[in-house]
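Please open the model in your viewer and keep the sequence panel beside it. The tour moves from the whole chain to a single residue and then to a pair of helices.

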Amino acid sequence: MDHLMGKFKASRTILREALGILRGKGMIDAKPSVGTWVTENRDWRILDPDILSWRADGADGAAQAHDLAELGQAIDVEAARLAAVRGTDSTFTALQQALMCTRHRNAPQVNAPPTLQPSADRAFHRALFEGSGNQFFVYIGNLVASHFDPGRFCYGSARHHELLLYALQRRDAKAAGEVATHLHIEDPRMKNDDLPA
Ligand SMILES: [Zn+2]
């Protein structure tokens, strides 16, 4: 404790408070007469918003971004299947409104595929999670989306998001789940011809 107080120039009270916070997040553990130590990160509360932010700026930021992208994709797929059954008119309206905010990634190259604005993308997925009717998908999905950096992984193709809305409006759960797999992963099999006129 004295070593840490000297290193961080912090009072004993402040240091105790900080260690208590880290212990609450599972990042350190302590035993009387043994001491305090950093735990394996599999014991960390890795969905804690602070830990998500700290890791994003740390050495394993890229690994976390990749894991979050996979988790986000898994939630998207299941939420899409459920939203095809449970989605309401307000779900579809919210998705449609989000789709109106597209941009061209490599403007002024007119041939670049349009992508969703980051804020519109978050709004789109929020509406999708809510359309699933599953409160855990809403909570975890929004948490993941708020820490997901599409620029680091893959921008959301506006075309794929639009295809998902069409599948949901057709109440086609199978197609919705299939399209949701590719929202943030480029898939050359998806062509412009897939879009309805
Ligand atoms: Zn998206």
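What follows is a short series of selections, each with a description of what is there.

Begin with the whole protein chain, coloured by secondary structure, and bear in mind that this is a predicted model. The chain holds 9 helices and 4 strands, which follow one another along the sequence in the pattern α-α-β-β-α-α-α-β-β-α-α-α-α. Of its 197 residues, 26% are buried, and among contacts with a separation of 6 or more, 61% join residues that lie 24 or more positions apart.

Next, select residues 173-180, which form helix α9, and centre the view on Ala176 within that helix. Is Ala176 buried or exposed? Ala176 is buried, because 28 other C-beta atoms lie within 10 Å, where 20 or more are required for that class.

Now show the residues around Ala176: beyond its neighbours within four places in sequence, its contacts are Ala80, Arg81, Ala83, Ala84, Leu164, Ala167 and Leu168. Draw a distance from Ala176 to Leu164, and the C-alpha atoms should be 5.5 Å apart, although 12 residues separate the two in sequence.

Finally, add residues 158-169, helix α8, whose axis lies 8 Å from that of α9 at a packing angle of about 165°. The two helices are therefore roughly antiparallel, and α8 passes α9 in a left-handed crossing. To display the contact, select His160, Leu163, Leu164, Ala167 and Leu168 of α8 together with Ala175, Ala176, Val179 and Ala180 of α9; by class, this contact has 8 nonpolar residues, 1 polar residue and no charged residues.

Definitions and conventions: Residues numbered from 1 in each chain as written. Predicted model: local features only at pLDDT ≥ 70, side-chain atom pairs only at ≥ 80, totals over all residues. Buried ≥ 20, exposed ≤ 12 C-beta atoms within 10 Å, placed from the backbone. Contact = placed C-beta atoms within 7 Å. Axes fitted to C-alpha atoms, helices over the stretch in contact; angles between N-to-C directions. Parallel < 35°, antiparallel > 145°, perpendicular 65-115°, else oblique. Left-handed = near helix turned anticlockwise from the far one by under 90°. Nonpolar A, V, L, I, M, F, W, Y, C, P; charged D, E, K, R; others polar.
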